[in-house]
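User: I am new to this structure and would like to go through it slowly. Please explain the reasoning behind each label as we go.

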Amino acid sequence: MSPTPEDSPFGGLSSSGLPPGPSAKGGPDSPQNRWKMGKVTLQRETAHRGGKTVIVIKDFASHLPATVIEQIGKRVRAACGCGGTVKDRRIEIQGDQVDRIRKVLEAEGLEVGGIKK
């Protein structure tokens, strides 16, 4: 037998007059909802790469776990349609696609410094 609303101790409660709950910006599992993302630096490198350009995203906040940096790296690679890797808390993206990388990082909540547009 299931309880009726009259039997419930919460039956007489109302949510009117309460402030709205938190918004779901970016979803509940979004890193922006858990950590302050901080600032990163973009650096263009060609040394020891056979003359090919690589953009390095570095200087992530020390409180960000490696899993969040890997997720950001995956999103940047997908947005740029290129290869790359994450190692030693740095993301290396193949090709010279600074504008795309900057847009993705800013959408993730990071402040971007370094290479200018």
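User: What percentage of the 117 residues in the protein chain is made up of buried residues?

Analyst: This is a predicted model, and in its protein chain buried residues make up 29% of the 117 residues. A residue is called buried when its relative accessible area is under 20%. The protein chain exposes about 7,900 Å², of which carbon and sulfur atoms supply 52%.

User: What makes up the secondary structure of the protein chain, and in what order do the elements run?

Analyst: The protein chain has two helices and five strands, and from the N terminus on these elements follow one another as β-β-α-β-β-α-β.

User: Why is one side of β3 and of β5 left without a neighbour in the sheet?

Analyst: The five strands form an open sheet with the order β3-β4-β2-β1-β5 and mixed pairing. Because β3 (84–87) and β5 (111–114) stand at the edges, each has a single partner strand, and one side of each is therefore left without a neighbour in the sheet. From one strand to the next, the twist averages 25 degrees.

User: What makes β1 and β2 a pair?

Analyst: Two strands pair if there are at least two bridges between them, and strand β1 (residues 39–45) and strand β2 (residues 54–58) are joined over five bridges in the antiparallel sense; the pair therefore satisfies the cut-off of at least two bridges. Within this pairing, Arg44 stands opposite Ile55 in β2.

User: How do the helices lie relative to the sheet?

Analyst: Helix α1 (residues 66–80) packs on the sheet and touches β2, β3 and β4 (90–94), with its direction making about 170 degrees with that of β3. Helix α2 (residues 98–107) lies across β1, β2, β4 and β5, and runs at about 165 degrees to β1.

User: Which residues touch the most other members of the largest nonpolar core?

Analyst: The largest nonpolar core has 22 residues, and Leu42, Ile57, Phe60, Ile72, Val76, Ile101 and Leu105 touch the most other members. At least two residues of this core come from each of β1, β2, α1, β4 and α2, and α1 gives the largest share, five residues. Leaving aside neighbours within four places in sequence, Val76 is in contact with Ile57, Ile93, Ile101, Val104 and Leu105. As a general background, nonpolar side chains in soluble globular proteins tend to be buried together.

User: Why is Glu45 called buried or exposed?

Analyst: Glu45 has a relative accessible area of 18%, and since buried means under 20%, Glu45 is therefore called buried. Glu45 has its place in strand β1, and its side chain makes a polar contact of 3.4 Å with the side chain of Gln43 and one of 2.9 Å with the side chain of Arg49. Not counting residues up to four places away in sequence, Glu45 touches Lys52, Thr53, Val54, Val56 and Arg90.

User: How do you know whether Glu92 counts as buried or exposed?

Analyst: The relative accessibility of Glu92 is 10%, and the cut-off for buried is under 20%, so Glu92 counts as buried. Glu92 lies in strand β4. With neighbours within four places in sequence left aside, its contacts include Arg49, Val54, Gly83, Gly84 and Lys87.

User: What links β3 to β4, and what is the phi of Asp88 in the turn?

Analyst: Four bridges join β3 to β4, and the two strands run antiparallel, with Val86 standing opposite Ile91 in β4. β3 and β4 form a hairpin with two residues between them, and Asp88 in the turn has a positive phi of about 55 degrees. Most residues other than glycine have a negative phi. Arg89, also not a glycine, has a positive phi of about 60 degrees, and is found in the loop between β3 and β4.

User: Why do Asp88 and Arg89 carry the labels they do for exposure?

Analyst: Exposed means over 50%, with partly exposed lying between that and the buried cut-off of under 20%. At 71% relative accessibility, Asp88 therefore counts as exposed, whereas Arg89, with a relative accessible area of 33%, is partly exposed.

Methods: Residues numbered from 1 in each chain as written. Predicted model: local features only at pLDDT ≥ 70, side-chain atom pairs only at ≥ 80, totals over all residues. Heavy atoms only, no water. Axes fitted to C-alpha atoms, helices over the stretch in contact; angles between N-to-C directions. Contact = heavy atoms within 4.5 Å. Buried < 20%, exposed > 50% of the residue type's maximum accessible area, 1.4 Å probe, protein only. Areas by Shrake-Rupley, 256 points an atom, 1.4 Å probe, with all protein chains shown as cover. Polar contact = N/O pair within 3.5 Å; in protein donor to acceptor, adjacent residues only side chain to side chain. Core = buried A, V, L, I, M, F, W, Y, C linked by side-chain atoms within 4.5 Å.
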